[in-house]
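The following report goes through two protein chains, beginning with a single residue and its surroundings and then turning to helices and to the chains as wholes.

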Amino acid sequence: MPPVSGPPDSGPRRLHPASPFLDLSVLGRQLLGPGAIALGTGGLRVLVVLVVVVLAVQVLAWHRRTYQLGDGVLRVEGGLVVRSQQLVPCERIQQVNLVQKLRHRALGVAVLDVETAGNDSGVRLEVLDIVEAERVRTALLAAKAKGQRPPSGEDGTHREGTDQEGEDDDGRREGPARWVPAPWPVVELNYRQLAVAGMTGVELLVIVALAATASQVAGNLSWSPFSGIDLAALDALGPLMVAGAAVGFLAVWLGTAVAASILTDAGYRLTLVGDELHVVRGLLDRKEASLPLARVQAVRITASAPRRLLGLVSLRIDSAGSGSGDDDRRVSVPILPAADLDRVLALVLSGIAPLPPLQRPPPAARRRAVVHHVVPALAVAAALALVFRPWGVLVLALVPLMAGVGVAAYRGLGHALTPGFLVTRSGSFNRRTVVVPLARVQSARLQASPWQRQAGLATLSVDLAGPGPVPQVLDEAAGVGERLLAATVAEPLRGSAKADPWPERPASEAGKSG
Amino acid sequence: MDAAVVTSGAAGDTASGLRPLHPRQVQAWRLGWGLAALAVTVIALVLDVAVAMVDDLDPPWFPGLPTLVFAVFGATLAWRLPRLGYDAWRYELTATTLELHRGVVVRHHSAIPYFRVQHIDITRSPFERALGLSQLVVRTAAATTDARLPGVAEAEAELLRDVILARTGSGDAV
């Protein structure tokens, strides 16, 4: 393996020497049981011995654990009693993450997370020197890009033989050095934008978590914030005070939301480096993720009602590696002007045209949406009205409201099939739009319940390798559904070659014949 | 419905068309449903006996009636549903996809492109083994892919698997 950049790969390397001491939570967990016993029986001396033993084990494990990058394979070995060896073929990499918690930043180290498709597969190098981590990341992604490109087109079926074949390949293509393109800024967010994101996003719920924790602590201290308050005195203070309190609460509420948003996303930069998306974010804990464009499984666009009013959306870019909901791994844009959406999509999904107006399902779908919302509401409201007579009858007022929500849900529905992409939208309050490259569709299903059949409707589900909910085209006319089904599982070889930079099949066939 | 159909389909896709499952699959499902119905009936019987043994409890229904209802209802379901399910099942090997049509109440139509197939499992439950049947489970990189093809004769299952795998190619479909 020739050096890709930086110093040459000279055999197996160890992680940063600070590694065994850094993960305090692991240390704490290991010491918890024995520590309690020690304190119970022998006192401090036994505890000290235990700490030393645990640390010694950690250091030994660190001593054993090595990584090596060569022949297009990342090889990680380790294990004290049971020896393990993990091989990750670089062309199989889905995403590479670099996470720097606050303690890591203090020491100038980082956690490198290499993800492949599948649940929790891939390896985690915890921790590396930051310079070394960046070098390994660059080398991995370069090796991956090399493995992806036709005509080398290696695939996993030859994993055993990669050593020799890889050598051969590398030898042939060694000539021109890898050209590292300059980063192309896609999205950068300033504090003002992050503040808006916080005040319109899920960060608004942070205060609930804070309040829960606070109340628990207060409960433990058997202290109630309201015990000292004399309600009569409050009454005397008048409405001015109450208004003041409300304003104060609002300020605290929005303040925590803004703070949460800035904590997670300060310094947000999404850049395009060659064929890779690169995200950097975080005020205290710094998180970086690198995602090859060819690995994008879907782009999910979310717009809540307040954000729709402000003309804002948020994006999430899924790879098959990004585990479900893991905050460290997500590649997302917390806030983006809707007007900017087409520009960003064009950079993330090569070959996509500006999003066309979506086609709405037939009116029968509106009836279904209304019925879907009204029937459960009616059942609950009727039960409540019966139980809490006479005032429970008021709950029935919710039923027309739910009918309105049903109509809104119908208005949220829509789909479009553009060359190489399926766009589908749903949601009443939160509008969720998913853009799926057809080249990434694993399989598709059309299903129709008896009611749907009666109305001539069907729902299309598109199976993807990535995490997250299955994209669906809800309640579309059955004929349209059949057409979409056929279109989504058609082989994306000739039709949308542009949409898929490295189509799999010609690549591998060329590789085999060559 | 035999091996010849599959091989001809593999050769030129000219013979492709909707195919039913193996007729014996009805018996396999009936056995499964029958066992479930039997289990429910036994539970009903135990409860019935228990109620009858308690002296003070005087149920408003005729002793043994619930057991009878469960037995008749269960037997009817176990007899009818497999037939309906069988009639609703069709599969097709098109030029590029494996297509499955199924479902009595909710109709499903799944399409799995061959080149997305990661691997194929063949499973045989005891009933299926007794009847000489197999179930093909086709897997893609998506965990949500729904591709179970029951009711394939044992020898044919392996043939079918090989036909699909031969059309898979060897691309990295993720």
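## A strand residue, two helix settings and the chains

Leaving aside the neighbours within four places in sequence, A:Val123 is in contact with A:Leu74, A:Val76, A:Gln86, A:Val88 and A:Val114. This is a predicted model, and the values discussed here are to be read accordingly. A:Val123 belongs to strand β7 of chain A, which covers residues 122-129. Is A:Val123 buried or exposed? A:Val123 is partly exposed, since 17 other C-beta atoms lie within 10 Å, whereas 20 or more would be needed for a residue to count as buried. A further spatial relation links A:Val123 to A:Leu112, for these two residues are 11 residues apart in sequence and 8.4 Å apart in space, taken from C-alpha to C-alpha.

Elsewhere in chain A, helix α12 spans residues 341-348, and A:Leu341, A:Val344 and A:Val348 are buried in this helix. Viewed down the axis of α12(A), the buried residues fall within an arc of 70°, and they therefore line one face of the helix. As general background, an α-helix has 3.6 residues a turn, so residues three or four places apart point the same way. What do the buried residues of α12(A) pack against? Their partners are strands of chain A, namely β8 (184-188), β10 (276-281), β12 (296-303), β13 (312-319) and β14 (331-337).

In chain B, a pair of helices can be described in similar detail. The axes of helix α2 of chain B (residues 25-53) and helix α3 of chain B (residues 65-88) come within 8 Å and cross at roughly 165°. An angle over 145 degrees counts as roughly antiparallel, and α2(B) and α3(B) are therefore roughly antiparallel to each other. The crossing in which α2(B) passes α3(B) is right-handed, and the residues of the contact between α2(B) and α3(B) divide into 17 nonpolar, 6 polar and 3 charged.

The secondary structure of the chains is set out below.

| Chain | Helices | Strands |
|---|---|---|
| Chain A | 17 helices | 20 strands |
| Chain B | 5 helices | 6 strands |

Read from the N terminus on, the elements of chain B follow the order α-α-α-β-β-β-β-α-β-β-α. Of the 514 residues of chain A, 36% count as buried, and for the 174 residues of chain B the corresponding share is 32%. Among contacts in chain A between residues at least 6 apart in sequence, 61% join residues at least 24 apart, while in chain B 56% of the contacts between residues at least 6 apart in sequence join residues at least 24 apart.

Terms used: Residues numbered from 1 in each chain as written. Chains lettered and ligands numbered in written order. Predicted model: local features only at pLDDT ≥ 70, side-chain atom pairs only at ≥ 80, totals over all residues. Buried ≥ 20, exposed ≤ 12 C-beta atoms within 10 Å, placed from the backbone. Helix = DSSP H or I, 4+ residues; strand = E, 2+ residues; numbered from the N terminus. Arc of directions from axis to C-beta. Contact = placed C-beta atoms within 7 Å. Axes fitted to C-alpha atoms, helices over the stretch in contact; angles between N-to-C directions. Parallel < 35°, antiparallel > 145°, perpendicular 65-115°, else oblique. Left-handed = near helix turned anticlockwise from the far one by under 90°. Nonpolar A, V, L, I, M, F, W, Y, C, P; charged D, E, K, R; others polar.
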